[in-house]
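Me: I am new to this structure. Can you walk me through how to read it?

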Amino acid sequence: MTETVKYLLDETRIPRQWYNINADLPEPMAPVLHPGTHQPVTADDLLPLFPRGVIEQEMSSEREIDIPEPVRAAYRQWRPAPLYRARRLEQALGTPARIYYKYEGVSPTGSHKPNTAVAQAFYNHQEGVKRITTETGAGQWGSSLALAGAMFGLEIAVYMVKVSFQQKPYRRAFMESFGAECIASPSNTTQAGRAILADHPDSTGSLGIAISEAVEMAVQRDDTRYALGSVLNHVLLHQTVTGIEAREQMAMADDEPDVVIGCTGGGSNFAGLVFPFLGDQLRGGKTMEFIAVEPAACPTLTKGRFAYDFGDTAHLTPLTKMHTLGSGFVPSGFHAGGLRYHGMAPQISHLTDLGLIKPRAYEQLECFAAGLEFARAEGIIPAPEANHAVKAALDEARQCRETGESKAILFNLCGHGNFDMQAYTDYLAGKLHDQEYAESEAAMALSGLPSV
Ligand SMILES: Cc1ncc(COP(=O)(O)O)c(C=O)c1O
């Protein structure tokens with residue numbers, strides 16, 4: 001038993017409920033505001049965007065929310081996901097730390113994103129929606145919604161950030177293989193896209209712009225709704241299947257984490273792994289360290305302001321209180337496309353503000369170096385986003401080597417990098433550089449924060 005590498009659960013152990021951290025928050029979150037009136041949004045305000053089932057979850061403070069059977073049936077295709085003990089990596093590092101990782105790359109699209117894609121597709125389908133629009137950064141989310149659309153018989157249109165569209169042609173093919181439409185953003189198909197192109201014809205795009213395009217397309221048609229792959233409460237909620245499984249798998253290993261780590265773009269994979277453990281802590285359980293890792297070139301939690309802001313560039317979305325670099329901030333084209341978002345999940349921002357989550361930022365090159373060190377020991381090439389979590393886990397493990405402490409370190413290996421070979425090719429050829437965080441640009445974007 002002591003040499004076990006994979007902790008596997010039977011399909012019957014797929015969680016029956018998602019965990020909602022709103023039930024356990026020590027202080028309530030700031031309300032979400034209507035972009036026009038600046039009053040708290042109502043469920044009806046959100047109906048043009050989301051199905052009612054999703055809106056109820058967005059506003060819920062029930063601790064446990066049942067996972068519908070058709071969603072659990074879809075999860076069976078890849079869940080429960082394995083938990084690995086990184087024994088070969090521990091040996092290579094010569095660390096007394098015990099390193100574990102939850103591997104979400106076993107999903108059909110190679111990341112954690114289908115955990116919420118199938119749930120969102122289910123609720124839309126159940127309420128008669130025919131078509132969903134969305135944005136995608138790295139392509140992982142767009143691929144996942146495309147897959148979920150195929151599973152539940154929905155049309156999917158994906159606005160893909162232009163720089164990723166160019167960097168990752170296979171992701172587009174992947175989405176199209178499931179029958180989805182994939183459009184490079186900014187595009188000429190929307191007012192928001194045309195306005196950006198008029199001012200910046202060479203714009204490489206951003207998640208904020210792609211969200212504006214997708215939202216604009218969704219509100220124009222009665223049979224169409226919008227889906228977001230991160231940030232919102234319901235998305236984080238759906239991802240908690242990861243942490244709920246991991247908690248059971250850690251118990252199989254007769255262990256408990258001291259440190260839990262995830263990378264943060266909008267925050268969903270981080271929350272998915274962390275919230276079930278953090279919820280236990282908030283209810284009097286073991287105190288752990290929760291480390292949120294972001295790119296130094298888009299340092300939302302470490303350098304952003306905790307303020308009300310729009311989720312998108314064209315200011316079509318409700319206002320949420322979150323860490324933000326300003327909705328007009330366009331991050332540089334570094335390779336972890338899924339981490340290039342100006343904002344952060346309000347729940348994560350709130351918990352960071354309360355001191356319960358410790359944010360940390362790393363440069364691109366040190367993350368790729370960590371990813372390769374991990375790959376050579378463990379045999380899995382991480383997604384560039386996941387490399388940020390890998391880097392933090394390696395740093396923690398090395399620190400244990402110095403102090404002699406034997407901590408249990410758990411991180412979310414939220415996706416594989418098999419579609420990111422161009423990034424690795426560039427890294428290995430010495431063509432990648434650390435991308436500057438444009439302090440002046442962010443200051444300009446922050447100066448445009450709405451006054452609430
Ligand atoms: C593999 C992977 N990890 C992480 C992220 C970041 O999103 P989130 O912070 O919601 O997990 C993305 C987003 O596309 C992704 O594709």
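**Reading the model**

Reply: Start with the sheet. Seven strands form an open sheet in the order 1-4-5-15-10-11-14, with mixed pairing. Keep in mind that this is a predicted model.

Me: Which strands are the edge strands?

Reply: Look for strands that pair on one side only. Here they are strand 1 (6-7) and strand 14 (358-362).

Me: How many bridges join strand 11 to strand 14?

Reply: Five bridges join strand 14 to strand 11 (residues 289-295), and the two run parallel. One residue pair to find: Val293 has Arg360 in strand 14 as its bridge partner.

Me: Now a helix. What span does helix 10 reach from its first C-alpha to its last?

Reply: Compare the span with the one expected at 1.5 Å a residue. Helix 10 (residues 207-219) has 13 residues and reaches 18 Å, close to the 18 Å expected.

Me: Is helix 10 mostly covered or mostly uncovered?

Reply: Count its buried residues. In helix 10, 12 of the 13 are buried. Among them are Leu207, Ile211, Val215 and Met217. The cover includes strand 6 (131-136), strand 7 (155-161), strand 8 (181-185), helix 9 (191-199) and strand 9 (224-226).

Me: Where does Lys113 lie?

Reply: Lys113 sits in the loop between strand 5 (98-103) and helix 5 (114-126). An unreviewed UniProt entry annotates Lys113 as "modified residue: N6-(pyridoxal phosphate)lysine".

Me: Why does Lys113 count as buried?

Reply: Count C-beta atoms within 10 Å; 20 or more others means buried. Lys113 is buried because 32 other C-beta atoms lie within 10 Å. Leaving aside neighbours within four places in sequence, Lys113 is in contact with Gln140, Trp141, Ser144 and Gly229.

Note on methods. Residues numbered from 1 in each chain as written. Predicted model: local features only at pLDDT ≥ 70, side-chain atom pairs only at ≥ 80, totals over all residues. UniProt positions renumbered as here; feature names shortened; annotations may be inferred. Helix = DSSP H or I, 4+ residues; strand = E, 2+ residues; numbered from the N terminus. Buried ≥ 20, exposed ≤ 12 C-beta atoms within 10 Å, placed from the backbone. Contact = placed C-beta atoms within 7 Å. Pairing = 2+ DSSP bridges. Expected span 1.5 Å × (residues − 1).
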